Amino acid sequence: ALRATGINLDITARKTLEASLRLSREHEEEAAAGIRLLLQTASQGIVFVDDRGVMETVNDAVEHLFGWAAHELVGRSIDALLPAAHREAHAQHRTAY
């Protein structure tokens, strides 16, 4: 006697999820590119800081305003951009924020 055994597995849900994830990644990449373009072309100085007040990103306008290159600012405290007389108060405001 001859026998045959088979397995039928519907992978539609998995394929749909994979396609959705791929689209999500593409949208994230497009959004990130748009944010980078906005950041670099803005005429206003924009600085991103972490929760400790350390600069993570600065745009070209900040470089022109303060006369320092981005690599000189990133990793330093935002307080470096403030007049010395205002640094202590700013640190207190940042902590309260």
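**Figure 1. A nonpolar patch sits on the surface, built from Ile7, Leu9 and Ile11.** In this predicted model, the three residues together offer about 360 Å² of accessible area. Take Leu9 as the one to look at: Leu9 belongs to the segment before α1, the helix that covers residues 12-41. Is Leu9 buried or exposed? Leu9 counts as exposed, because its relative accessibility is 67% and the cut-off for that label is over 50%.

**Figure 2. Stepping back, the whole chain shows 4 helices and 2 strands.** If you follow the sequence from start to end, the pattern reads α-β-β-α-α-α. The C-alpha trace spans about 95 × 30 × 20 Å along its principal axes. How does the radius of gyration of the protein compare with that of a compact globule of 97 residues? The globule would come out near 13 Å, but the protein has 25 Å. Just 15% of the 97 residues count as buried. Now take the contacts between residues at least 6 apart in sequence: 12% of them join residues at least 24 apart. As for the outside, the accessible surface comes to about 8,000 Å², and carbon and sulfur atoms account for 57% of that.

**Figure 3. Arg14, Lys15 and Glu18 are tied together in a network of salt bridges.** Start with Arg14 and Glu18, whose side chains meet in a salt bridge at 3.4 Å, N to O. What separates these two along the helix? Arg14 and Glu18 are 4 residues apart in helix α1, so about one helical turn lies between them. Glu18 also forms a salt bridge with Lys15, where the closest N and O atoms are 3.8 Å apart. That pair shares helix α1 too, with 3 residues, about one turn of the helix, from Glu18 to Lys15. The members of the network can be checked for exposure one by one. Arg14 is partly exposed, with a relative accessible area of 46%. Lys15 counts as partly exposed at 44% relative accessibility. Glu18 counts as partly exposed at 34%.

**Figure 4. Another salt bridge joins the side chains of Arg52 and Asp50.** Here the N to O distance is 2.9 Å. Which of the labels, buried or exposed, goes to Arg52? Arg52 is exposed, with a relative accessible area of 57%. Its partner Asp50, on the other hand, is buried, with a relative accessible area of 16%; the label applies because buried means under 20%. A search of the whole structure turns up 3 salt bridges, and the Arg52 and Asp50 pair is one of them.

**Figure 5. Thr57 has its place in strand β2, which takes in residues 55-58.** Thr57 counts as partly exposed, since its relative accessibility is 27% and that label covers the range between the buried cut-off of 20% and the exposed cut-off of 50%. Which residues does Thr57 touch, once its neighbours within four places in sequence are left aside? The list is Leu39, Ile46, Val47, Phe48 and Val74. You can also pick out Arg36, 21 residues from Thr57 along the chain: the C-alpha atoms of the two are separated by 10 Å.

**Figure 6. Asn59 is found in the loop between β2 and α2, the helix of residues 60-66.** Buried or exposed, which one is Asn59? Asn59 counts as buried, with a relative accessibility of 0%. Setting aside neighbours within four places in sequence, Asn59 is in contact with Leu39, Gln40, Ala42, Gln44, Gly45 and Ile46. Two of those names, Leu39 and Ile46, may ring a bell: Thr57 is in contact with them as well.

**Figure 7. Asp79 lies in the loop that runs between α3 (70-73) and α4 (84-96).** Asp79 is buried, with a relative accessible area of 12%. What does the side chain of Asp79 make a polar contact with? The partner is the side chain of His90, at 2.8 Å. His90 also turns up among the wider contacts of Asp79, together with Arg87, Ala91 and Arg94, when neighbours within four places in sequence are left aside.

Notes. Residues numbered from 1 in each chain as written. Predicted model: local features only at pLDDT ≥ 70, side-chain atom pairs only at ≥ 80, totals over all residues. Heavy atoms only, no water. Patch = residues over 30% accessible without salt bridge, like charges linked within 9 Å, V, L, I, M, F, W, Y side chains within 5 Å. Areas by Shrake-Rupley, 256 points an atom, 1.4 Å probe, with all protein chains shown as cover. Salt bridge = Lys/Arg side-chain N within 4 Å of Asp/Glu carboxyl O. Buried < 20%, exposed > 50% of the residue type's maximum accessible area, 1.4 Å probe, protein only. Rg over C-alpha atoms; globule rule 2.2 N^0.38 Å. Contact = heavy atoms within 4.5 Å. Polar contact = N/O pair within 3.5 Å; in protein donor to acceptor, adjacent residues only side chain to side chain.
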